[in-house]
Amino acid sequence: MTGTEITRTTLGTGGPEVGVQGLGCMGMSFAYGPTDETEARATLERALELGVTLYDTADMYGFGENEKFIAPFVRAHRDEIVLATKFGIQLDPDDPARRTIRNDRGYLRSCVEGSLRRLGVETIDLYYMHRRDPDVPIEETAGAMAELVTEGKVRRLGLSEVTGDELRAAHAVHPIAAVQSEWSLFSRDVERTAVPAAAGLGVAFVPYSPLGRGFLTGAFTDAIQELSSDDFRRTMPRFSGENAAANAALLEPVRAVAEARGATPGQIALAWVHARAERHGLSVVPIPGTRKRSRVEENTAASRIALTAEELARLDPIADRVAGTRYPSMSFTSAGRE
Ligand SMILES: NC(=O)c1ccc[n+]([C@@H]2O[C@H](COP(=O)([O-])OP(=O)(O)OC[C@H]3O[C@@H](n4cnc5c(N)ncnc54)[C@H](OP(=O)(O)O)[C@@H]3O)[C@@H](O)[C@H]2O)c1
(Lines give C-alpha, C1' and ligand atoms only; values in the text may rest on other atoms or scores of the structure.)
Protein backbone atom coordinates (compact mmCIF):
# COMPACT_ATOMS: atom_id res chain seq x y z
CA MET A 1 0.00 0.00 0.00
CA THR A 2 1.29 3.46 -0.88
CA GLY A 3 -1.28 5.46 1.09
CA THR A 4 -3.01 6.57 -2.11
CA GLU A 5 -4.57 3.17 -2.79
CA ILE A 6 -8.31 2.81 -2.48
CA THR A 7 -9.92 0.33 -0.10
CA ARG A 8 -11.49 -2.92 -1.27
CA THR A 9 -14.96 -4.38 -1.16
CA THR A 10 -16.70 -7.61 -2.13
CA LEU A 11 -18.53 -7.53 -5.46
CA GLY A 12 -21.81 -8.97 -4.22
CA THR A 13 -22.33 -11.94 -1.90
CA GLY A 14 -19.55 -14.47 -2.53
CA GLY A 15 -18.05 -12.26 -5.23
CA PRO A 16 -14.40 -11.33 -5.77
CA GLU A 17 -12.67 -8.55 -3.84
CA VAL A 18 -12.30 -5.38 -5.91
CA GLY A 19 -11.23 -1.80 -5.31
CA VAL A 20 -14.21 0.32 -4.20
CA GLN A 21 -14.00 2.24 -7.46
CA GLY A 22 -13.65 0.72 -10.93
CA LEU A 23 -12.69 2.24 -14.26
CA GLY A 24 -15.07 2.75 -17.17
CA CYS A 25 -13.09 2.25 -20.37
CA MET A 26 -15.80 3.14 -22.92
CA GLY A 27 -14.59 6.68 -23.65
CA MET A 28 -11.17 5.38 -24.67
CA SER A 29 -12.63 4.20 -27.99
CA PHE A 30 -16.22 5.38 -28.21
CA ALA A 31 -18.78 8.09 -27.69
CA TYR A 32 -16.77 10.95 -26.17
CA GLY A 33 -14.61 12.30 -28.99
CA PRO A 34 -10.91 11.90 -29.81
CA THR A 35 -8.61 9.99 -27.46
CA ASP A 36 -4.90 10.33 -26.77
CA GLU A 37 -4.19 6.60 -26.83
CA THR A 38 -0.84 6.82 -25.04
CA GLU A 39 -2.40 8.72 -22.16
CA ALA A 40 -5.37 6.34 -22.08
CA ARG A 41 -3.05 3.32 -21.78
CA ALA A 42 -1.12 5.09 -19.03
CA THR A 43 -4.44 5.72 -17.30
CA LEU A 44 -5.24 2.01 -17.23
CA GLU A 45 -1.88 1.36 -15.54
CA ARG A 46 -2.20 4.28 -13.11
CA ALA A 47 -5.65 3.11 -12.08
CA LEU A 48 -4.25 -0.30 -11.18
CA GLU A 49 -1.46 1.29 -9.12
CA LEU A 50 -4.18 3.15 -7.21
CA GLY A 51 -6.03 -0.07 -6.38
CA VAL A 52 -8.66 0.00 -9.15
CA THR A 53 -9.28 -3.59 -10.17
CA LEU A 54 -12.69 -3.63 -11.92
CA TYR A 55 -12.34 -2.66 -15.59
CA ASP A 56 -15.48 -2.15 -17.65
CA THR A 57 -16.01 -2.47 -21.39
CA ALA A 58 -18.65 -3.85 -23.80
CA ASP A 59 -18.64 -5.49 -27.19
CA MET A 60 -20.52 -2.57 -28.76
CA TYR A 61 -18.10 0.16 -27.65
CA GLY A 62 -16.58 1.13 -30.98
CA PHE A 63 -17.79 -2.11 -32.64
CA GLY A 64 -15.37 -4.18 -30.52
CA GLU A 65 -12.51 -1.64 -30.71
CA ASN A 66 -12.69 -0.89 -26.98
CA GLU A 67 -12.22 -4.57 -26.07
CA LYS A 68 -9.25 -4.68 -28.46
CA PHE A 69 -7.84 -1.47 -27.01
CA ILE A 70 -7.75 -2.74 -23.42
CA ALA A 71 -6.69 -6.29 -24.38
CA PRO A 72 -2.89 -5.77 -23.95
CA PHE A 73 -3.48 -4.27 -20.48
CA VAL A 74 -5.85 -7.09 -19.56
CA ARG A 75 -3.42 -9.77 -20.64
CA ALA A 76 -0.49 -8.11 -18.83
CA HIS A 77 -2.46 -8.02 -15.57
CA ARG A 78 -4.82 -10.96 -16.01
CA ASP A 79 -4.70 -12.15 -12.40
CA GLU A 80 -4.77 -8.70 -10.80
CA ILE A 81 -7.98 -7.41 -12.36
CA VAL A 82 -11.67 -8.23 -12.68
CA LEU A 83 -12.65 -7.92 -16.33
CA ALA A 84 -16.23 -6.99 -17.16
CA THR A 85 -17.79 -6.86 -20.60
CA LYS A 86 -21.32 -6.96 -22.04
CA PHE A 87 -23.48 -8.26 -24.86
CA GLY A 88 -26.98 -7.36 -26.01
CA ILE A 89 -26.77 -4.19 -28.12
CA GLN A 90 -26.19 -4.73 -31.82
CA LEU A 91 -25.06 -1.61 -33.66
CA ASP A 92 -25.75 -1.06 -37.35
CA PRO A 93 -22.37 -0.43 -39.11
CA ASP A 94 -24.15 1.70 -41.72
CA ASP A 95 -25.91 3.84 -39.13
CA PRO A 96 -24.28 3.70 -35.66
CA ALA A 97 -27.23 5.62 -34.22
CA ARG A 98 -29.41 2.57 -34.98
CA ARG A 99 -29.28 -0.21 -32.44
CA THR A 100 -31.06 -3.52 -31.99
CA ILE A 101 -31.40 -5.19 -28.63
CA ARG A 102 -30.89 -8.96 -28.70
CA ASN A 103 -30.93 -11.37 -25.76
CA ASP A 104 -31.49 -14.67 -27.59
CA ARG A 105 -29.20 -17.65 -26.92
CA GLY A 106 -27.72 -17.82 -30.43
CA TYR A 107 -26.76 -14.16 -30.40
CA LEU A 108 -25.37 -14.42 -26.87
CA ARG A 109 -23.16 -17.36 -27.83
CA SER A 110 -21.72 -15.59 -30.86
CA CYS A 111 -21.11 -12.45 -28.78
CA VAL A 112 -19.20 -14.21 -26.03
CA GLU A 113 -16.89 -15.86 -28.55
CA GLY A 114 -16.23 -12.46 -30.15
CA SER A 115 -15.44 -10.82 -26.82
CA LEU A 116 -13.11 -13.65 -25.74
CA ARG A 117 -11.27 -13.40 -29.05
CA ARG A 118 -10.90 -9.60 -29.01
CA LEU A 119 -9.85 -9.53 -25.37
CA GLY A 120 -7.48 -12.48 -25.84
CA VAL A 121 -8.61 -14.25 -22.66
CA GLU A 122 -10.11 -17.64 -21.89
CA THR A 123 -12.62 -16.38 -19.35
CA ILE A 124 -14.56 -13.18 -18.76
CA ASP A 125 -14.83 -12.43 -15.04
CA LEU A 126 -18.17 -10.61 -15.18
CA TYR A 127 -20.45 -10.85 -18.20
CA TYR A 128 -23.42 -8.50 -18.39
CA MET A 129 -26.59 -8.47 -20.41
CA HIS A 130 -26.32 -4.87 -21.61
CA ARG A 131 -29.99 -4.19 -22.33
CA ARG A 132 -33.21 -6.10 -21.94
CA ASP A 133 -34.90 -7.48 -25.05
CA PRO A 134 -38.60 -7.62 -24.11
CA ASP A 135 -39.20 -10.39 -26.68
CA VAL A 136 -37.03 -12.90 -24.79
CA PRO A 137 -38.06 -13.98 -21.27
CA ILE A 138 -35.30 -12.95 -18.89
CA GLU A 139 -35.28 -16.44 -17.37
CA GLU A 140 -34.32 -17.80 -20.78
CA THR A 141 -31.44 -15.33 -21.16
CA ALA A 142 -30.24 -16.01 -17.61
CA GLY A 143 -30.32 -19.75 -18.38
CA ALA A 144 -28.30 -19.29 -21.55
CA MET A 145 -25.81 -17.06 -19.69
CA ALA A 146 -25.54 -19.70 -16.93
CA GLU A 147 -24.43 -22.23 -19.56
CA LEU A 148 -21.41 -20.00 -20.21
CA VAL A 149 -20.48 -20.24 -16.53
CA THR A 150 -20.73 -24.03 -16.65
CA GLU A 151 -18.52 -24.05 -19.74
CA GLY A 152 -15.90 -21.83 -18.04
CA LYS A 153 -16.25 -18.97 -20.54
CA VAL A 154 -17.61 -16.64 -17.91
CA ARG A 155 -17.11 -16.51 -14.13
CA ARG A 156 -20.03 -14.36 -12.98
CA LEU A 157 -23.18 -12.85 -14.45
CA GLY A 158 -24.42 -9.28 -14.43
CA LEU A 159 -27.37 -7.31 -15.79
CA SER A 160 -27.52 -3.71 -16.97
CA GLU A 161 -30.59 -1.47 -16.87
CA VAL A 162 -32.98 -4.00 -15.38
CA THR A 163 -35.94 -3.45 -13.10
CA GLY A 164 -36.14 -4.99 -9.63
CA ASP A 165 -38.54 -7.69 -10.90
CA GLU A 166 -36.26 -8.61 -13.79
CA LEU A 167 -33.30 -8.89 -11.42
CA ARG A 168 -35.25 -11.20 -9.09
CA ALA A 169 -36.44 -13.37 -12.00
CA ALA A 170 -32.91 -13.79 -13.40
CA HIS A 171 -31.36 -14.31 -9.96
CA ALA A 172 -33.77 -17.21 -9.37
CA VAL A 173 -32.26 -18.96 -12.42
CA HIS A 174 -28.60 -18.24 -11.64
CA PRO A 175 -26.98 -15.95 -9.05
CA ILE A 176 -26.42 -12.45 -10.42
CA ALA A 177 -23.24 -10.85 -9.10
CA ALA A 178 -23.87 -7.24 -10.13
CA VAL A 179 -26.35 -4.82 -11.64
CA GLN A 180 -24.85 -2.03 -13.71
CA SER A 181 -27.14 0.95 -14.26
CA GLU A 182 -26.86 4.72 -14.35
CA TRP A 183 -26.82 6.18 -10.85
CA SER A 184 -25.68 9.67 -9.97
CA LEU A 185 -26.73 12.98 -8.46
CA PHE A 186 -28.60 13.51 -11.77
CA SER A 187 -30.10 10.02 -12.24
CA ARG A 188 -31.78 8.35 -9.30
CA ASP A 189 -34.62 6.30 -10.82
CA VAL A 190 -32.77 3.06 -9.94
CA GLU A 191 -33.46 3.80 -6.29
CA ARG A 192 -37.12 2.91 -6.89
CA THR A 193 -36.85 -0.82 -7.60
CA ALA A 194 -33.45 -1.98 -8.86
CA VAL A 195 -31.40 -0.78 -5.90
CA PRO A 196 -33.74 -2.18 -3.21
CA ALA A 197 -33.93 -5.51 -5.08
CA ALA A 198 -30.12 -5.70 -5.35
CA ALA A 199 -29.74 -4.86 -1.66
CA GLY A 200 -32.22 -7.59 -0.71
CA LEU A 201 -30.49 -10.23 -2.83
CA GLY A 202 -26.88 -9.34 -1.91
CA VAL A 203 -26.19 -8.27 -5.51
CA ALA A 204 -23.55 -5.56 -5.96
CA PHE A 205 -24.40 -2.32 -7.76
CA VAL A 206 -22.06 -0.85 -10.34
CA PRO A 207 -23.22 2.71 -11.04
CA TYR A 208 -22.35 3.81 -14.56
CA SER A 209 -21.97 7.45 -15.59
CA PRO A 210 -21.61 8.42 -11.90
CA LEU A 211 -20.24 11.78 -13.07
CA GLY A 212 -23.32 12.38 -15.23
CA ARG A 213 -21.12 11.74 -18.32
CA GLY A 214 -18.80 14.49 -17.13
CA PHE A 215 -21.48 17.11 -16.47
CA LEU A 216 -21.21 16.79 -12.67
CA THR A 217 -17.53 17.72 -12.73
CA GLY A 218 -18.61 21.23 -13.70
CA ALA A 219 -16.61 20.98 -16.91
CA PHE A 220 -19.43 22.16 -19.16
CA THR A 221 -20.61 25.73 -19.06
CA ASP A 222 -21.90 25.65 -22.62
CA ALA A 223 -22.06 21.92 -23.21
CA ILE A 224 -22.73 21.73 -26.93
CA GLN A 225 -19.95 24.21 -27.78
CA GLU A 226 -17.43 22.23 -25.74
CA LEU A 227 -18.11 18.83 -27.32
CA SER A 228 -16.41 17.64 -30.49
CA SER A 229 -18.58 17.04 -33.55
CA ASP A 230 -18.54 13.25 -33.08
CA ASP A 231 -19.28 13.33 -29.35
CA PHE A 232 -22.40 11.24 -28.57
CA ARG A 233 -23.39 13.68 -25.81
CA ARG A 234 -24.42 16.19 -28.50
CA THR A 235 -27.51 13.98 -28.93
CA MET A 236 -28.26 13.72 -25.23
CA PRO A 237 -31.11 15.87 -23.95
CA ARG A 238 -29.33 16.92 -20.76
CA PHE A 239 -26.43 18.41 -22.72
CA SER A 240 -28.39 20.45 -25.19
CA GLY A 241 -29.51 24.07 -25.27
CA GLU A 242 -31.65 25.31 -22.43
CA ASN A 243 -31.44 22.00 -20.61
CA ALA A 244 -27.66 22.25 -20.31
CA ALA A 245 -27.89 25.79 -18.94
CA ALA A 246 -30.56 24.78 -16.42
CA ASN A 247 -28.56 21.72 -15.37
CA ALA A 248 -25.35 23.73 -14.96
CA ALA A 249 -27.21 25.96 -12.49
CA LEU A 250 -28.09 22.86 -10.44
CA LEU A 251 -24.42 22.32 -9.67
CA GLU A 252 -24.30 25.24 -7.23
CA PRO A 253 -24.69 23.08 -4.07
CA VAL A 254 -22.20 20.56 -5.47
CA ARG A 255 -19.65 23.35 -5.92
CA ALA A 256 -20.40 24.75 -2.47
CA VAL A 257 -19.92 21.39 -0.72
CA ALA A 258 -16.77 20.80 -2.76
CA GLU A 259 -15.30 24.18 -1.90
CA ALA A 260 -15.98 23.76 1.81
CA ARG A 261 -14.15 20.43 1.73
CA GLY A 262 -11.27 21.45 -0.54
CA ALA A 263 -12.54 18.88 -3.04
CA THR A 264 -13.74 19.03 -6.65
CA PRO A 265 -17.41 18.82 -7.73
CA GLY A 266 -16.69 15.47 -9.42
CA GLN A 267 -15.32 14.08 -6.16
CA ILE A 268 -18.46 15.15 -4.34
CA ALA A 269 -20.60 13.47 -7.02
CA LEU A 270 -18.67 10.21 -6.54
CA ALA A 271 -18.80 10.45 -2.74
CA TRP A 272 -22.57 10.96 -3.02
CA VAL A 273 -23.01 7.61 -4.83
CA HIS A 274 -21.13 5.84 -2.05
CA ALA A 275 -23.19 7.59 0.60
CA ARG A 276 -26.50 6.67 -1.08
CA ALA A 277 -25.43 3.05 -1.46
CA GLU A 278 -24.56 2.92 2.23
CA ARG A 279 -28.02 4.28 3.01
CA HIS A 280 -29.57 1.49 0.92
CA GLY A 281 -27.27 -1.13 2.49
CA LEU A 282 -25.69 -2.45 -0.67
CA SER A 283 -22.20 -3.01 -1.96
CA VAL A 284 -21.31 -0.44 -4.61
CA VAL A 285 -18.44 -0.03 -7.08
CA PRO A 286 -18.91 3.06 -9.29
CA ILE A 287 -17.05 3.03 -12.60
CA PRO A 288 -16.29 6.65 -13.55
CA GLY A 289 -14.78 6.81 -17.00
CA THR A 290 -11.62 8.72 -17.77
CA ARG A 291 -8.73 8.66 -20.22
CA LYS A 292 -6.43 10.80 -18.09
CA ARG A 293 -4.10 9.86 -15.25
CA SER A 294 -4.67 13.07 -13.31
CA ARG A 295 -8.41 12.42 -13.36
CA VAL A 296 -8.16 8.83 -12.23
CA GLU A 297 -6.09 10.13 -9.32
CA GLU A 298 -8.74 12.75 -8.54
CA ASN A 299 -11.60 10.27 -8.88
CA THR A 300 -10.08 7.53 -6.73
CA ALA A 301 -9.29 10.08 -4.00
CA ALA A 302 -13.05 10.72 -3.79
CA SER A 303 -13.54 7.31 -2.19
CA ARG A 304 -12.01 8.74 0.98
CA ILE A 305 -14.69 11.46 1.33
CA ALA A 306 -17.59 10.59 3.67
CA LEU A 307 -20.39 13.12 3.25
CA THR A 308 -22.33 14.27 6.30
CA ALA A 309 -26.13 14.16 6.64
CA GLU A 310 -26.21 17.96 6.18
CA GLU A 311 -24.22 17.75 2.96
CA LEU A 312 -26.44 14.98 1.64
CA ALA A 313 -29.53 17.04 2.43
CA ARG A 314 -28.15 19.81 0.21
CA LEU A 315 -27.37 17.45 -2.64
CA ASP A 316 -30.32 15.05 -2.61
CA PRO A 317 -32.92 17.38 -4.20
CA ILE A 318 -30.86 17.91 -7.37
CA ALA A 319 -32.05 14.85 -9.32
CA ASP A 320 -35.71 15.88 -9.21
CA ARG A 321 -34.85 19.16 -10.94
CA VAL A 322 -32.74 17.84 -13.80
CA ALA A 323 -33.89 18.97 -17.24
CA GLY A 324 -33.95 16.33 -19.98
CA THR A 325 -34.04 12.56 -20.01
CA ARG A 326 -30.98 10.32 -19.69
CA TYR A 327 -31.11 9.19 -23.33
CA PRO A 328 -32.58 10.51 -26.59
CA SER A 329 -34.89 7.46 -26.50
CA MET A 330 -35.86 5.95 -23.17
CA SER A 331 -37.29 2.78 -24.71
CA PHE A 332 -34.45 0.50 -23.70
CA THR A 333 -33.77 1.69 -20.19
CA SER A 334 -35.22 0.22 -17.04
CA ALA A 335 -36.73 3.57 -16.13
CA GLY A 336 -38.76 3.46 -19.33
CA ARG A 337 -40.55 0.38 -18.06
CA GLU A 338 -41.02 1.36 -14.42
N1 LIG B 1 -24.22 -0.21 -18.96
C2 LIG B 1 -24.41 0.84 -19.72
O3 LIG B 1 -25.41 0.94 -20.43
C4 LIG B 1 -23.39 1.94 -19.71
C5 LIG B 1 -23.71 3.20 -20.30
C6 LIG B 1 -22.73 4.20 -20.26
C7 LIG B 1 -21.49 3.96 -19.66
N8 LIG B 1 -21.22 2.72 -19.14
C9 LIG B 1 -19.92 2.43 -18.50
O10 LIG B 1 -19.73 3.34 -17.44
C11 LIG B 1 -18.49 4.02 -17.58
C12 LIG B 1 -18.58 5.43 -17.01
O13 LIG B 1 -19.64 6.16 -17.58
P14 LIG B 1 -19.39 7.39 -18.55
O15 LIG B 1 -18.01 7.35 -19.06
O16 LIG B 1 -20.54 7.38 -19.48
O17 LIG B 1 -19.65 8.67 -17.66
P18 LIG B 1 -18.96 9.33 -16.37
O19 LIG B 1 -18.05 8.37 -15.73
O20 LIG B 1 -20.08 9.89 -15.60
O21 LIG B 1 -18.17 10.54 -17.02
C22 LIG B 1 -17.14 10.36 -17.94
C23 LIG B 1 -16.77 11.71 -18.51
O24 LIG B 1 -16.28 12.55 -17.47
C25 LIG B 1 -14.96 13.00 -17.78
N26 LIG B 1 -14.23 12.96 -16.49
C27 LIG B 1 -13.91 11.88 -15.76
N28 LIG B 1 -13.28 12.23 -14.64
C29 LIG B 1 -13.21 13.58 -14.65
C30 LIG B 1 -12.68 14.54 -13.76
N31 LIG B 1 -12.11 14.16 -12.60
N32 LIG B 1 -12.77 15.86 -14.10
C33 LIG B 1 -13.36 16.25 -15.25
N34 LIG B 1 -13.89 15.38 -16.13
C35 LIG B 1 -13.81 14.05 -15.83
C36 LIG B 1 -14.42 12.04 -18.81
O37 LIG B 1 -13.53 12.68 -19.70
P38 LIG B 1 -12.04 12.09 -19.97
O39 LIG B 1 -12.20 10.67 -20.41
O40 LIG B 1 -11.54 12.97 -21.06
O41 LIG B 1 -11.31 12.24 -18.68
C42 LIG B 1 -15.70 11.65 -19.57
O43 LIG B 1 -15.99 12.62 -20.55
C44 LIG B 1 -18.20 3.95 -19.08
O45 LIG B 1 -16.83 4.12 -19.36
C46 LIG B 1 -18.73 2.58 -19.43
O47 LIG B 1 -17.76 1.60 -19.15
C48 LIG B 1 -22.16 1.73 -19.16
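**Exercise 1.** In this predicted model, determine whether Val296 is buried or exposed.

*Solution.* Step 1: count the neighbours; 25 other C-beta atoms lie within 10 Å of Val296. Step 2: apply the cut-off, under which a residue with 20 or more such atoms is buried. Val296 is therefore buried. Step 3: place the residue in the fold; Val296 belongs to helix 11. Step 4: list the contacts. When residues up to four places away in sequence are not counted, Val296 touches Leu23, Thr43, Arg46, Ala47, Leu50 and Thr290. Step 5: consider the distance along the chain. Leu48 is 248 residues from Val296 in sequence, yet the two C-alpha atoms are separated by 10.0 Å.

**Exercise 2.** Carry out the corresponding analysis for His174, and state which burial class it falls into.

*Solution.* Step 1: locate the residue; His174 sits in the loop between helix 5 (164-173) and strand 10 (176-182). Step 2: count the neighbours, which come to 19 C-beta atoms inside 10 Å. Step 3: compare with the limits. A residue is buried at 20 or more and exposed at 12 or fewer, so His174 counts as partly exposed. Step 4: identify its partners. Leaving aside neighbours within four places in sequence, His174 is in contact with Ala142, Met145, Ala146, Val149 and Leu157. Step 5: add a C-alpha distance; His174 and Glu139, 35 residues apart along the chain, are separated by 9.0 Å.

**Exercise 3.** Describe the surroundings of the ligand, and say which helix gives the most to the shell.

*Solution.* Step 1: of the 29 residues around the ligand, those that come nearest are Gly24, Met26, Leu211, Gly214 and Gly289. Step 2: by character, the shell divides into 9 nonpolar, 13 polar and 7 charged residues. Step 3: helix 11 (residues 293-301) gives the most, with 3 residues.

**Exercise 4.** Describe how strand 6 and strand 7 are arranged.

*Solution.* Step 1: strand 6 (residues 89-92) and strand 7 (residues 95-101) run antiparallel and are joined by 4 bridges. Step 2: the connection between strand 6 and strand 7 is a hairpin through 2 residues. Step 3: as to register, Ile89 stands opposite Ile101 in strand 7.

**Exercise 5.** Assess how compact the protein chain is.

*Solution.* Step 1: the secondary structure comprises 12 helices and 11 strands. Step 2: the radius of gyration is 19 Å, close to the 20 Å that the globule rule gives for 338 residues, so the chain is as compact as a globular protein of that length. Step 3: of the 338 residues, 50% count as buried.

Methods:
Residues are numbered from 1 along each chain as its sequence is written. This is a predicted model: local features need pLDDT of at least 70, side-chain atom pairs count only at pLDDT 80 or more; totals for chains, interfaces and linings use all residues. Two strands pair if DSSP finds at least two bridges between them. A residue is near a molecule or strand if its C-beta atom, placed from the backbone, lies within 6 Å of it. Ala, Val, Leu, Ile, Met, Phe, Trp, Tyr, Cys and Pro count as nonpolar, Asp, Glu, Lys and Arg as charged, and the others, Gly among them, as polar. The radius of gyration is taken over C-alpha atoms; the globule rule is 2.2 Å times the number of residues to the power 0.38. Two residues are in contact if their C-beta atoms, placed from the backbone, lie within 7 Å.
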